[in-house]
Amino acid sequence: MVLEDFRDKAVKLAMEYERKLGRNPKEVRNVGYDIYSDGLKIEVKGRTKAKRPQVLFNEQNINACEKERGDYRLYIVMDVHGDNPFLIILNADQVKKIHREKRQWEIPIYAEHYKNAIKLT
């Protein structure tokens, strides 16, 4: 599976979710996040069903997270191409806390993050 297909599907599902909430999402690129939606800046990461899932961040992602603070969200779309995709949402404080503790660009997805997962289909 091509990485771009994976990303595009994850963004599509995230934008559909935003529309269900009554927001007006727009896809953006090269600004540290993927979607601008009524003031929210949303970075989208897509994943399969993995035992130890994590997402990779780059410097641009971390800078956007730091700059946008309360308006920043990380949407992790799990099981992107599967039958039951679901969404895990982390706010900027959660992302920064993990980044500070781990001192890495890999943001692990912990069991506690699954508690509020949202079914997308």
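**Figure 1. Overall view of the chain in the predicted model.** Read along the sequence, the elements of the chain follow the pattern α-β-β-β-β-α-β-β-α-β-α-β. The structure is a predicted model, and its secondary structure comprises four helices and eight strands. The chain has 121 residues, of which 44% are buried. Among the contacts with a separation of 6 or more, 56% are made by residues 24 or more positions apart. About 7,200 Å² of the chain is exposed, and carbon and sulfur atoms supply 46% of this area.

**Figure 2. Strand β3 and its surroundings.** Strand β3 covers residues 40–47. Seven of its eight residues are buried, so the strand is largely enclosed by the rest of the structure. Strand β3 is joined to strand β2 by three bridges and to strand β5 by seven bridges. The following two views present these pairings in turn.

**Figure 3. The hairpin of strands β2 and β3.** Strand β2, residues 35–37, runs antiparallel to β3. Within this pairing, I35 stands opposite I42 in β3. The two strands form a hairpin, with two residues between them. In the turn, D38 has a positive phi of about 50 degrees.

**Figure 4. The pairing of strands β3 and β5.** Strand β5 consists of residues 72–78 and runs parallel to β3. At one position of this pairing, R47 stands opposite M78 in β5. As a general point for reading such views, the side chains of a regular strand alternate between the two faces of the sheet.

**Figure 5. Close-up of S37 in strand β2.** S37 belongs to strand β2. The relative accessible area of S37 is 0%, so this residue counts as buried, a term that applies under 20%. The side chain of S37 makes a polar contact with the side chain of E18, at 2.6 Å. When its neighbours within four places in sequence are left aside, S37 is in contact with E18, R23, N24, P25 and I42. One of these residues, I42, also appears in Figure 3, where it stands opposite I35.

**Figure 6. Close-up of Y114 in helix α4.** Y114 is located in helix α4, which covers residues 111–114. With a relative accessible area of 28%, Y114 is partly exposed, because this value lies between the limits of 20% and 50%. Y114 and F86 are 28 residues apart along the chain, and their C-alpha atoms are separated by 9.5 Å.

Technical notes:
Residues numbered from 1 in each chain as written. Predicted model: local features only at pLDDT ≥ 70, side-chain atom pairs only at ≥ 80, totals over all residues. Heavy atoms only, no water. Buried < 20%, exposed > 50% of the residue type's maximum accessible area, 1.4 Å probe, protein only. Pairing = 2+ DSSP bridges. Polar contact = N/O pair within 3.5 Å; in protein donor to acceptor, adjacent residues only side chain to side chain. Contact = heavy atoms within 4.5 Å. Areas by Shrake-Rupley, 256 points an atom, 1.4 Å probe, with all protein chains shown as cover.
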